[in-house]
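Colleague: Could you take me through the aromatic rings in this model?

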Amino acid sequence: MTIEEAAFQKQRPDFAKFPAVGFTRHQHDYQLERDFMDGQFRAILRVKFDGQVSGNVIDNNTGEEYLPLRAVHCGPFAAQVEAAYLDLLHQVATQCFVRVPFHGDQANRLAAWIARTFHDQPEFLFKRLPDYAAFREPRSQKWYGLVINIPRARLTDKQSTSKSDKVEVIELRCPASQRATWLDQDGVYPAYHLSEKNWLCVTLDDTIADAKLEQLVQSSRALLTKPRAWLVPANPKYYDIMHAFVDHDTITWKQSTSIRVGDTAYMYVAAPVKAIIYRCRVVETDIPYDYQSAALKIKQVMRLRLEKEYNHDRFTLAYIKQHGVSSVQGPRHVPADLLRELEK
């Protein structure tokens with residue numbers, strides 16, 4: 001990697017700002033010439049229209065390129081020149097380049113699409129692996145995507161030690177039923193770092209079209225946001241839920257779990273009823289609310305829409321105890337066996 005490539009990693013040119021910085025347009029690129037180190041040296045910077053950056057440093061005393069700058073082991077003076085040149089490059093990057101999260105264009109397009117669609121940002125979690133970034137589903141805090149930069153050879157031969165020809169890839173969750181179909185497509189491989197049973201690895205080099213890549217991302221994220229069923233207690237001592245749905249099909253209810261919009265809430269009414277009598281759909285969550293009494297404190301609420309009412313003698317406490325629910329002290333997941341009965 002050249003000095004210029006290292007300085008402009010994850011930077012994209014904003015060509016509209018180039019003239020104000022001093023760049024001039026040529027047939028194949030933009031060029032900037034600028035003296036530094038009190039005029040001892042001149043930097044000639046070239047930026048191609050595809051964003052590729054290269055440069056030369058000229059010794060103004062001789063008119064020739066200063067080659068010690070490129071030496072693997074340079075002396076103290078050459079190191080001083082390199083530091084000054086890098087400072088100049090960083091100034092240019094700040095003035096007319098835009099910082100992007102990843103190296104490749106498709107990876108950056110995907111990150112922009114994820115931000116627009118889900119408002120999720122990549123998280124660079126590993127100090128020793130600065131090119132690794134996770135996309136996390138906010139509510140569960142679980143990953144649905146992991147972008148990494150690896151030698152391309154590792155995708156087909158994990159024993160390879162070659163570090164040349166690196167490629168950015170994203171690892172995504174995939175239902176087992178769809179895995180074989182996706183693996184038949186170019187650019188899709190078994191997971192590299194994560195479990196091959198539940199994850200795929202997709203190259204971000206335009207082998208796979210953006211539309212298909214976005215489909216995979218949506219599917220991966222949906223596995224963490226699919227609707228769930230909750231058993232929610234209701235105590236008639238504090239709220240008359242038996243009459244709440246008489247005039248309205250939607251009510252506001254205390255939210256104290258990681259319930260999401262689209263989830264199902266089965267309302268268990270405590271004594272004297274002691275039975276599940278309502279099935280509701282969660283239509284809104286995380287609504288700020290401020291209520292406090294000796295028995296109850298509420299900071300946020302959700303909105304529930306009634307979908308079905310059950311006979312009071314159908315899903316009694318005695319019945320649900322036979323299907324995996326010993327008590328209903330607070331919101332909890334509905335056991336699979338009981339859920340099948342509720343959905344009949």
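Modeller: The following turns discuss ring pairs, then charges over rings. This is a predicted model, in which local features need pLDDT of at least 70 and side-chain atom pairs count only at pLDDT 80 or more, while totals for chains, interfaces and linings use all residues. Residues are numbered from 1 along each chain as its sequence is written, and side-chain values use heavy atoms, with hydrogens and water left out.

Colleague: How many aromatic pairs are there in the whole structure?

Modeller: The search finds 22 aromatic pairs; rings of Phe, Tyr and Trp (its six-membered ring) pair if their centres lie within 6.5 Å, and planes under 30 degrees apart count as stacked, over 60 as edge-to-face and the rest as tilted. One of them joins Phe-18 and Phe-23, which are stacked at 4.1 Å centre to centre with 20 degrees between the planes.

Colleague: Is Phe-18 buried or exposed?

Modeller: Phe-18 is buried, at 0% relative accessibility (buried means under 20% relative accessible area, exposed over 50%, partly exposed in between, with a 1.4 Å probe and protein chains only). Phe-23 is buried as well, at 5%.

Colleague: Why is the pair of Phe-41 and Phe-77 called tilted?

Modeller: Their planes stand at 40 degrees, so the pair is tilted, and the centres are 6.2 Å apart. Phe-41 is buried at 2%, whereas Phe-77 is partly exposed at 38%.

Colleague: New topic: which ring has the charged end of Arg-314 over it, at 4.4 Å from its centre?

Modeller: That ring belongs to Phe-315. Such a charge has NZ of Lys or CZ of Arg within 6 Å of the ring centre and within 35 degrees of the ring normal. Arg-314 also lies over the face of Tyr-319, at 5.2 Å from the ring centre.
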